[in-house]
Amino acid sequence: MGILSATKVLDLSWGVSGPLAAMLLADHGADVTRIERPGGDPFGDFSGYRTWNRGKRSAVLDLKDRADLERFRALAREADVLIESFSPGTADRLGIGYDVMAAANPGLVYCSITGYGPDGPDAGRPGVDALVAARTGHQWEVRGVPGGTVSRLSGSPGPLPGVEIPEGCWVGPDRPGPLFSGVPWVSLATFYIAVVGVNAALRARGLTGRGQHVQASLLHGVLATTLAGWQKVDRPDASGYQSWVVDPRAPKGFFRAADGRWLHHWVPLPGFIIDAAANGMRPDGLTGPRQAALRIGSKAEDMVILHAFEDQMREAVAGYDSAQWTDLAAEVGVPVQTVRSPEEALRDPLLLADGCVVEVDDPEVGPIRQVGRVVELSRHPAGRPDPAPRRGQHTDAVRAEADALLRSVPTSRAPRTASMPLSSPLDGVTVIDLGLAVAGPFGTQVLAQLGARVIKVNSPNDETWFRNHIAMTCNRDKDSIIIDLKDPEGLAVLHRLVERADVVQHNMRYEAAERLGVDYESLRRLNPAVIYCHTLGHEQGPRQKSPGNDQTGAALAGTTWLDGGLDDGGRPVWSCTSLGDTGNGFLSALGIIQALYDRDRSGEGQFVRTSILYAQLLNASTAWVSADGATAGVRPRPDAQLYGWGPLYRLYAASDGWVCVAAHRPGDFSRLCRAVGRNDLLSDARFATPEARSAHGSALADELAGAFSSRSARECFELLDGVGVGCEISDPDYALGLFSDADAEARGLLSSFEHPVMGRMTMAGSYFDLSDTPGVVGRPPLWPGQDSRRILSELGYGPEEVAKLLAAGTVVDTSR
């Protein structure tokens, strides 16, 4: 039985975020009914729908028809969750807004997904992924901004302002301007926020008896994918703070092997690459990242080292096939993977064996492979999902069900019995964070934003990493204690923490956890009800022992392929807005919340497992392939220059900037052509139908390009916006305005605090907007050891014992 097996969900959403959120609810056992519009879904032919609508029923109801509206209301009175993605105010006008639905069903968790939230200056703008990415400047962050947006926000010239970029080191296509992502990162981040928010609200309802309004916006998705770059600090030039990772001047470790395959070496190790080629690919004398004589760190200055060795590394990799490199890297312990298409990933038998790829028998195209289980719960193993239904397949059954409810159920539902007050969904929950880098700590930061107390267990040598802006993205709102876990006395301190904790989470290799004595079996002996979450780099199987990270997951799952336009001969791009590490963090938070929800009812703890690769497969889930691998779904295929997905959903250069067009609705093509003075295109046989326009996409883009390049970006925007065609200026300065807007912090978009090293800091606020048990953002990124003495005292250590632990270096306290 799925953990949500008694949960009824109504899915009124479309696009990416809502359907994906409802899919994950269905994957975990919820009874999801998708309510379709009579006129059809504007994204109904989108390839991802064949995956994202799996496990659901499909019913066509006309909410403008009185009888169907009453049917829907009857279903909503019995529902646990409702997900909608109407523009602000539309649900209210239809008579199905939150206030009306909550009055009839006080236990309803009602999730609204919008472009920019229900209010604010941009609330009325189109909530379309590419348009939001353009308006907010997200498209400029895909490959990063020279010197970093951190520097621009903080009034600094940034690191290495005069550095010369050697040929071939620039990220992405060799052209200026923003990039149109092959992966809809903004919508995906919004999906993660929505599905975690809904599950947090369900957990809260189990304790309080009350439903609530969960609001997720694509603007929150922007903030969740720019968190490494969008920071404003008093001291941006502080030692170790800025890095080369989000700077497009730094090469990102992509090299072509002798067989023509691209490889991603992350982080690139000049010594390993050059010495391996010189040694004829023998492992003798080669070392992993920790032992490397020349180790590339995250400091901005290390960009120069990458520049110096780029040509030698490129030449060395080109001498051997990709499989030779990945085999050798696995043997030595270096993170290297081949860049694959999403379809190649789905054909991988190792992923099918793991269950993160699954086969379903689709009623229209037959057996297909698609992303499978992405959160594993030991007490509730995932079953094989049912395929996506035909549109309207269950209309008669759903109408009959609603009619029966209308005959038998009152027009409102009695409130559930409240049993426990909560200030936030995870109020009273204690989490022990043993995580490393980003993938683990980001997940526990999500839990902290939902009200959990997170105690970060730092190692004695963590200070350098925690000076870095990337570390600061995933370590807010936490306490910190430095413990030497290799010291038996230090392990005893950890054991006291675990005895009092609800959750332990980490992303170290499991064999390392076993060596330290912090594996699940060891810790559950101390606390049988503990929820233990382990997140991997790869799938379970032979690759499990190889080092994994956001970049290797992106290479293996296909997001690097998509973002680089490799279908059209482009070069790989690992997006600075990627959701590998952070997507895995969201998934781990989701699994932990579901396990808490289960423990509230059963009293049982359990093992939770997620993976960076699982998240990246989910991020690439626009793709599916036939079970025999012979055919594949028609998914978006960006061009090599990363202008867009097609002539009517892409970037165009204006005379003074860039505009993004989303002419995806019926009639948009005609309105666009007339607005820009190209009526002749309407009578051109090459562009007469949507199918013809798709077949001649490059020709149509060329025809339209001149109409945009001869006008300013503002004029292009006003012409198209004036006739209702989706259009936004791709604005590289949006973040500057946002961080200067006093109202942004009041609306919860940003939060500010004092940091012991960086001074005044402003970063993204809480991603979660829950009406009854709101999210929490209160403390700056932690400084290792800042709470050690206080935590020891809470654990029952007396003053002499504390002094002894501190004197021995078993525990370190840095409080001032």
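A residue counts as buried when its relative accessible area is under 20%. W658, with a relative accessible area of 13%, is therefore buried. Keep that cut-off in mind as we walk through this predicted model, beginning with the overall fold and then turning to rings and charges.

**The chain as a whole**

The chain contains 34 helices and 28 strands. Its radius of gyration is 26 Å, close to the 28 Å that the globule rule gives for 816 residues, so the chain is as compact as a globular protein of that length. Along the principal axes, the C-alpha atoms fill a box of roughly 75 × 65 × 55 Å. Buried residues account for 62% of the 816 residues. If you look at contacts between residues at least 6 apart in sequence, 77% of them join residues at least 24 apart. The surface exposed by the chain comes to about 29,200 Å², and carbon and sulfur atoms supply 50% of that area.

**Aromatic rings**

A pair of aromatic rings is described by the distance of the centres and the angle of the planes. The structure holds 25 such aromatic pairs. One of them joins Y520 and Y532: the ring centres lie 5.4 Å apart and the planes meet at 50 degrees, so this pair is tilted. Y520 belongs to helix α22 (residues 520–526) and Y532 to strand β18 (residues 531–536), so the pair ties together parts that are 12 residues apart in sequence. Both Y520 and Y532 are buried.

Y643 and W658 offer a stacked pair, with 6.2 Å centre to centre and 25 degrees between the planes. This pair links distant parts of the chain, 15 residues apart: Y643 is in the loop between β20 (625–626) and β21 (644–646), while W658 is in strand β23 (residues 658–662). The two partners are covered to differing degrees, as Y643 is partly exposed at a relative accessible area of 23%, whereas W658 is buried at 13%.

Rings also gather in a group: F46, Y49, W52, F180, W645 and Y649 form one aromatic cluster. Charges meet rings too. The charged end of R37 sits over the ring of W14, 4.6 Å from its centre, and R601 lies over the face of Y597 at 4.0 Å from the ring centre.

**Salt bridges**

A search of the whole structure finds 57 salt bridges. Here are three of them, with the N to O distance for each pair.

| Salt bridge | N to O distance |
|---|---|
| D68 and R71 | 2.7 Å |
| E703 and R686 | 3.4 Å |
| E754 and R760 | 3.6 Å |

D68 and R71 are 3 residues apart in helix α3 (residues 66–78), which means that about one helical turn separates them. D68 counts as buried at 3% relative accessibility, and R71 also counts as buried, at 17%.

The bridge between E703 and R686 links distant parts of the chain, 17 residues apart: E703 is in helix α29 (residues 697–709), and R686 is in the loop between α27 (668–675) and α28 (690–695). E703 is partly exposed, with a relative accessible area of 26%, and R686 is partly exposed as well, at 30%. In the bridge with E754, R760 is partly exposed, with a relative accessible area of 35%.

Which residues are linked in a network of salt bridges? They are R453, D479, R779, D787, R790 and E794.

How values were computed
Residues are numbered from 1 along each chain as its sequence is written. This is a predicted model: local features need pLDDT of at least 70, side-chain atom pairs count only at pLDDT 80 or more; totals for chains, interfaces and linings use all residues. Side-chain values use heavy atoms; hydrogens and water are left out. Rings of Phe, Tyr and Trp (its six-membered ring) pair if their centres lie within 6.5 Å; planes under 30 degrees apart count as stacked, over 60 as edge-to-face and the rest as tilted. Helices (H or I, at least four residues) and strands (E, at least two) are DSSP runs, numbered from the N terminus. Buried means under 20% relative accessible area, exposed over 50%, partly exposed in between (1.4 Å probe, protein chains only). A charge sits over a ring if NZ of Lys or CZ of Arg is within 6 Å of the ring centre and within 35 degrees of the ring normal. The radius of gyration is taken over C-alpha atoms; the globule rule is 2.2 Å times the number of residues to the power 0.38. Contact means heavy atoms within 4.5 Å. Accessible areas come from the Shrake-Rupley method with a 1.4 Å probe; for residues, only the protein chains shown count as cover. A salt bridge is a side-chain nitrogen of Lys or Arg within 4 Å of a carboxyl oxygen of Asp or Glu.
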